[in-house]
Every structure is written in C-alpha cells, then in structure tokens.
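Okay, thanks for coming, everyone. Let me put the structure up so we can walk through it together.

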Amino acid sequence: MNFLHYQNGHLLADQIAIDDLAKQYGTPLYVYSADYITQQFLAYKHALIHRKHLICYAVKANSNLAVLQLLVKLGSGFDIVSQGELERVLKAGADPKKVVFSGVAKSIVEIERALQVGIKCFNVESEAELYRINDIAKRLGKVAAISLRINPDVDAKTHPYISTGLRENKFGISYQLAIEVYRQAKALSNINIVGIDCHIGSQLTELSPFLDAAERILLLVDKLKSENIQIQHIDLGGGLGVCYDDEQPPSASLLMTELLKKLAHYPDLEVIFEPGRSIVANAGLLITKVEYTKHQDDNHFAIVDAGMNDLIRPALYKAWMRILPEKEQQAEDKTFIYNVVGPICESSDVLAYQRELSVKQDDLVVICSAGAYGFSMASNYNSHPRPAEVMLIDQQQHKLIRQRETFDDLWRGEHVF
Ligand code: LLP
C-alpha cells in the first residue's frame with residue numbers, strides 16, 4: 001500500500017502520523033486516502049478512454065457518502081444491490097442514469113423506486129424477477145431497461161464464498177437458459193433489453209477467468225443478434241483482486257486492455273465494469289490499539305480494541321490482512337509470534353494469526369487493505385458502537401466522514417415496555 005510509510009520510526013498515512021489520527025479520533029478508526037481512491041478509479045478510466053464505457057463502482061465495498069461523493073465527482077457510475085445503496089448514491093449526488101441495479105432478491109418497493117428515479121438498467125437475476133419488473137413497470141406506466149445477469153459457468157479460482165460464476169451459485173441465469181429468457185424478455189410489453197451482464201466472483205488474481213467469461217458472454221451476444229435482439233452494453237461485473245500479502249493480480253489497465261482486445265469486433269458495445277475492492281481496498285486501513293498482551297504456555301495474544309464486528313473478513317473468509325505496528329520494529333526488539341485478537345466473545349474473533357510483532361499495552365497497530373468490505377460489513381455485535389471513519393485529503397489534511405457511533409445509536413429505534 002503506497003500511502004503508508006515509516007518516518008523517524010513512526011507510521012504515516014500520506015503525510016499524517018497514525019498516532020495523531022488515533023489521538024484525535026480515537027480507536028478503532030477507519031482511514032481512507034482520497035488520493036489513492038482517485039488514482040485507482042482513474043486507472044480504469046484511462047484504460048477505457050477510447051471506448052464507450054461506464055465504470056459503475058460497486059457500492060457494497062465501501063458505501064460511505066464521502067467516498068461515493070468523491071467517485072461522483074470523478075464521473076463514476078454505481079452498481080447497487082439494494083434500495084439503501086440507491087438512496088446513498090442519490091444522496092451523494094449520483095446521476096440515476098449511471099446506476100445499474102444488481103442483486104438476486106429485488107423487492108417490489110425497490111423496483112418501484114428504481115423505476116421512479118430512472119436508473120440505467122436492472123441486472124435481472126431470474127425469470128421471476130423479469131416478470132415482476134415488467135408488471136411493476138406496466139402499473140407505473142414505465143418501460144424498464146434490463147440486462148440479464150448470465151452465469152457463464154467459469155471457475156473464478158477464488159475463495160468459494162466469493163465465487164459467484166459457477167453453475168451451483170445462486171447468482172444469475174444459467175448459461176443454457178440465457179437465450180430462452182431473452183426471448184421471453186423481448187415479448188414483454190414494458191421491458192427494454194439493453195444489455196448483458198455477468199460477475200464471476202471477487203478477489204480474482206488471474207486474467208484467464210475474466211477473459212473466458214467475456215468470450216462466453218460474447219458468444220451469446222452473437223446468438224442474440226441472429227435472433228434480432230440487439231445488445232447495447234456488456235457489463236463484465238467487478239472482481240479484480242488486490243494485493244493483501246503477495247498476490248500479484250493484473251493491474252486494472254492490463255485487465256482492461258486484454259478485455260478490450262476481446263471486444264475489438266464489437267465497437268458499438270458500451271463496456272460496463274463494476275469494480276469495488278480494487279478501487280478502495282488498499283486505500284483504507286483500520287487503526288486499533290493494543291489493550292493487553294497475554295502470554296500463556298506457547299500462546300501469545302495481542303488483544304486489540306477492534307474485532308470481527310469492525311472487520312469480519314479474517315473471521316469469515318480466513319482472509320489474510322497485513323498488520324503494521326505504529327512504531328517501526330527494530331532488529332533488537334523482542335518479538336513474539338502473536339495471534340491478534342479482538343474483544344468479541346467468539347473464538348473466531350481473530351484478526352491475524354501468527355504474526356511476529358513487538359508490541360505492548362497501548363501501542364497502536366494498523367490493519368492494512370481494510371478499505372473494502374471493512375466498515376461496510378461492520379456490525380454492533382456485543383454492543384460495540386461502530387468506528388469513526390476519516391478521509392485523508394491532499395496528503396496533509398484529514399476530515400471526519402462518519403462520527404463514531406454513540407451508545408444512543410446502539411438502541412435507536414428500540415422500545416422498552
Ligand atoms: N458486482 C457484483 C454483482 C458483485 O456481487 C460484486 C461483489 C461486485 C460487482 C464487486 O466485486 P469486487 O470488485 O469488489 O470484487 N465481502 C467479500 C467480497 C464480496 C463480494 C460480493 N460481490 C470480501 O470481503 O472479500
């Protein structure tokens with residue numbers, strides 16, 4: 001992560017001392033670099049400059065309004081999966097015409113709202129959803145722009161929990177049924193077919209699954225053309241991985257370049273991507289404080305104030321995330337092999353296993369690459385208020401973009417007898 005570095009033995013994010021951030025805002029604390037987010041977004045944009053395209057940032061990765069607003073300013077569109085995400089992007093100033101709506105369980109109310117604000121496209125995930133959208137559009141006197149999310153049945157070679165493009169996954173319409181469902185869509189009065197869509201998984205570190213999926217989707221575009229169904233855009237989903245440890249995913253620009261080669265014979269197709277993680281993961285970190293160290297038998301624990309409630313990725317996916325001490329470790333420092341654990345009453349509340357660290361009570365440590373699926377998956381389990389979020393701007397400045405929750409926030413909406 002290139003915005004983190006040590007200076008005079010202490011860790012800085014951009015030009016700002018981690019220690020100062022922790023003092024000012026408390027811990028646990030999420031911190032995001034606006035410059036880094038901008039750079040990642042522009043990498044996609046520049047690679048697509050000669051092609052009609054729309055980058056639809058996947059809101060689920062990090063849905064803070066300030067992050068969304070930054071992306072709005074950069075010209076981003078958005079991939080949403082709920083009305084909550086729709087309301088967020090509208091609040092952040094997004095143009096609804098740049099919003100695509102994914103997700104397997106769109107409710108009537110969600111579809112109504114999306115039709116009323118006039119989104120770009122529904123990424124339809126089942127026949128039943130297609131008929132529901134048509135009925136609602138008819139009732140509202142609207143025509144719904146749709147694409148079908150097709151499951152290309154390729155192996156994304158990633159963690160099974162974040163692989164979505166296999167036949168057995170709940171997502172999308174099966175490849176074999178695709179043409180038939182498009183025929184049905186064509187016959188519906190209030191449906192306008194505009195696109196075709198797929199998303200095969202997340203944290204993909206190889207090019208080949210993307211290219212295989214694109215090839216299979218393009219075969220369908222050809223077949224549809226022969227049936228007089230004109231596809232205007234191809235949405236290839238998100239999924240590009242990032243480096244947490246030693247992974248070497250292709251860069252956004254290499255991925256785009258290789259995909260554009262596949263699309264060379266389709267110059268009129270608008271290209272849509274839905275990147276989430278690759279835009280925000282390495283732009284973010286979670287600062288946490290060591291409350292205690294505990295040494296028993298051969299087990300060494302660094303017990304920190306952030307837990308699986310704040311950052312669930314290690315517990316849920318056994319995800320490996322880098323831990324950096326705020327004080328630069330020196331060769332002569334006494335270290336232990338620690339399990340870095342949180343305050344939650346679950347044995348799975350482990351942020352990192354077996355890390356060689358030299359830390360003591362009240363020290364700060366930083367969990368890297370926490371900008372994606374960090375805060376957005378956080379909960380109040382064990383009645384912990386969720387952390388504050390801070391944005392670093394222009395290297396030198398920092399701004400609170402979400403205040404730490406209060407105890408009142410914890411029981412807002414609850415009633416006692
Ligand atoms: N489009 C669709 C339809 C998706 O379902 C997703 C992610 C994306 C785009 C964005 O994928 P990305 O570029 O971020 O890989 N919580 C997990 C990741 C779940 C991804 C869900 N879908 C994690 O922390 O690894």
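Let's start with a quick one for the room: in S15, which residue is the bridge partner of His-295? It's His-300. And before I go on, please keep in mind that this is a predicted model.

So, about that pairing. His-295 belongs to strand S14, which covers residues 284-296, and S14 is joined to strand S15, residues 299-304, by six bridges in the antiparallel sense. The two strands form a hairpin with two residues between them. Look at Asp-297 in that hairpin: its phi is positive, near 50°.

Stay on S14 for a moment, since other strands pair with it too. Strand S4, residues 29-33, runs antiparallel to S14, with four bridges joining the two. If you want a spot to click on, find Tyr-30, which stands opposite Leu-286 of S14. Then there's strand S19, residues 364-368, which pairs with S14 over five bridges, again antiparallel. There, Thr-288 has Val-365 in S19 as its bridge partner. One general thing to remember while you rotate this: side chains in a regular strand alternate between the two faces of the sheet.

Now go back along the chain from S4. What kind of peptide bond joins Thr-27 and Pro-28? That one is cis, with omega at about -10°. Pro-28 sits in the loop between helix H1, which is 18-25, and S4.

And while we're on backbone oddities, have a look at Asn-382. This residue has a positive phi, near 65°, and it isn't a glycine. You'll find Asn-382 in the loop between S19 and strand S20, which spans 388-393. Why point these out? Because most residues other than glycine have a negative phi, and most peptide bonds are trans.

Right after that loop there's another hairpin. S20 and strand S21, residues 397-402, pair antiparallel over five bridges, and Val-390 stands opposite Leu-400 in S21. This hairpin has three residues between its strands, and Asp-394 takes a positive phi near 50° there.

Let me jump to the other end of the chain. Here we have an open sheet of three strands, in the order S1-S2-S3, with antiparallel pairing. Which strands are at the edges? Those are S1, residues 4-7, and S3, residues 16-17, and each of them pairs on one side only. S2, which is residues 10-13, pairs with S3 over two bridges. In that pairing, Ala-13 stands opposite Ile-16 of S3.

Okay, on to the ligand, which I guess is what most of you came for. How many residues surround the ligand? There are 19, and the closest are Ser-202, Glu-274, Arg-313, Tyr-317 and Tyr-373. If you sort that shell by type, you get six nonpolar, seven polar and six charged residues. The shell also draws on two domains: domain 1, which is 4-32 + 281-410, and domain 2, which is 103-273, give at least three residues each.

What about contacts to the ligand's oxygens? At Ser-202, an N or O atom of the side chain is 2.3 Å from a ligand oxygen. At Gly-276 the backbone is involved, with an N or O atom lying 2.9 Å from an oxygen of the ligand. For Lys-60, an N or O atom in the side chain is 3.4 Å from a ligand oxygen. As for how covered the ligand is, on its own it would expose 590 Å², and the protein buries 92% of that.

Last topic, salt bridges. The structure holds 16 of them, and I'll show you two. The side chains of Glu-112 and Arg-139 meet at 2.9 Å, N to O. That pair links distant parts of the chain: Glu-112 is in helix H5, residues 108-117, and Arg-139 is in helix H6, residues 127-140, 27 residues apart. My other pick is Glu-125 with Arg-149, where the closest N and O atoms are 3.0 Å apart. Here Glu-125 is in the loop between strand S8, 121-124, and H6, while Arg-149 is in strand S9, residues 144-151, and the two are 24 residues apart.

That's my tour, so grab the model and have a look around.

How values were computed
Residues numbered from 1 in each chain as written. Predicted model: local features only at pLDDT ≥ 70, side-chain atom pairs only at ≥ 80, totals over all residues. Heavy atoms only, no water. Near = heavy atom within 4 Å. Polar contact = N/O pair within 3.5 Å; in protein donor to acceptor, adjacent residues only side chain to side chain. Areas by Shrake-Rupley, 256 points an atom, 1.4 Å probe, with all protein chains shown as cover. Nonpolar A, V, L, I, M, F, W, Y, C, P; charged D, E, K, R; others polar. Domains from an automatic or database assignment. Pairing = 2+ DSSP bridges. Salt bridge = Lys/Arg side-chain N within 4 Å of Asp/Glu carboxyl O.
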